[in-house]
Amino acid sequence: MEWGAVVVAAGRGTRMGAADNKPYLKVAGRTVLAHALEAFERSPSVSSIVLVVSSGEQKKAAEIVGAEGFRKVTLIIPGGAERQDSVYAGLEALRTEGVLVHDAARPLVTPDQIEACCRAAEEHGSSALAVPVKDTIKISDGNGFIVATPERRTLWSVQTPQAFLRLELMQAHRNAQENGASATDDAMLLERIGRKVAIVEGDYRNLKITTPEDLPIAELLIAGRQGKGSPQ
Ligand SMILES: Nc1ccn([C@@H]2O[C@H](COP(=O)(O)OP(=O)(O)OP(=O)(O)O)[C@@H](O)[C@H]2O)c(=O)n1
Ligand SMILES: C[C@](O)(CO)[C@H](O)COP(=O)(O)O
């Protein structure tokens, strides 16, 4: 199957609160965006990448792509108000049968993880990288009191990339748009229309840079990885 990637970088970085948007922050000497894109450049299954950025940041993103020599990035397009809107814009711009959706804010993704998601989606129709939840999770009543404890062995913390048949994911997005449903990841949209998404066990190190304390952790992880050669 031919695979394309939609890498979404059009968020606002509200929780980070930095002067620059998250994809353009430097970690271990390189932008978060460049770290994320490199894994897709190095993945044999991926033929093209659509990069979705905030309107006004297209030039900045193009400069990074040019300077890094990323040849698979075929389009840099503006995103939407919510992550879901940015992903859909990317899906419309791609032409491949399979699509991997990835957050630019996850710079520690590896080519091996991308390939594993492709293989699982080729077998099962769609897949998502995830790690088992380590903590005991509580459900609150919204007023500061615990009301339930879901069984931990069934809980996974989902990451990106997530891999789909592009037209099926587009159908799931359109269904959500028509019903006013919003989702914080794409697997959730497939779940809504009754499709199964296979879990691909990932790595706790594939963290999403969200708040300031994530930056030194990513810095340590990337520096450690560079010390041991390139990640697979
Ligand atoms: N309208 C949006 C919102 C998010 N994203 C992307 O989706 C990924 C996950 O989003 P998140 O980590 O929440 O990023 P932000 O929206 O930038 O952060 P915040 O919620 O703190 O504002 C990021 O790569 C972000 O750039 C996007 O492309 N378009
Ligand atoms: C897609 C995601 O990275 C999976 O963990 C996450 O749901 C994005 O969420 P955010 O609310 O946009 O940070």
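Where does N206 lie, between which strand and which helix? In this predicted model, N206 belongs to the loop that links β11 (198-201) to α7 (214-227). That makes the loop a good place to start a walk through the structure.

Is N206 buried or exposed? Its relative accessibility is 1%, and a residue counts as buried when that value is under 20%, so N206 is a buried residue. To see what surrounds N206, set aside its neighbours within four places in sequence: the residues in contact with it are then R106, L108, V109, Q113, L129, Q159 and T160. With T160 there is a particular link to look for, since the side chain of N206 comes to 2.9 Å from the backbone oxygen of T160.

T160 also leads us on to the next stop, ligand 2. T160 and R106 both appear among the residues around this ligand, and both are in contact with N206 as well. The rest of the ligand's surroundings are R15, R83, D103, V158, T184, D185 and K208.

Three of these side chains are worth finding on the screen. In R15, a side-chain N or O atom is 2.9 Å from an oxygen atom of ligand 2. For D103, a polar side-chain atom lies 2.5 Å from an oxygen atom of the ligand, and for K208 the corresponding distance to a ligand oxygen atom is 2.4 Å. On its own, ligand 2 would expose 350 Å², and the protein buries 76% of that area. As for the place that holds it, ligand 2 sits in the largest pocket.

Conventions
Residues numbered from 1 in each chain as written. Chains lettered and ligands numbered in written order. Predicted model: local features only at pLDDT ≥ 70, side-chain atom pairs only at ≥ 80, totals over all residues. Heavy atoms only, no water. Helix = DSSP H or I, 4+ residues; strand = E, 2+ residues; numbered from the N terminus. Buried < 20%, exposed > 50% of the residue type's maximum accessible area, 1.4 Å probe, protein only. Polar contact = N/O pair within 3.5 Å; in protein donor to acceptor, adjacent residues only side chain to side chain. Contact = heavy atoms within 4.5 Å. Near = heavy atom within 4 Å. Areas by Shrake-Rupley, 256 points an atom, 1.4 Å probe, with all protein chains shown as cover. 1 Å grid on protein atoms, 1.4 Å probe; cavity = no way out; pocket = protein on both sides within 12 Å on 5 of 7 lines; lining within 4 Å. Sits in = over half its atoms within 2 Å of the grid points.
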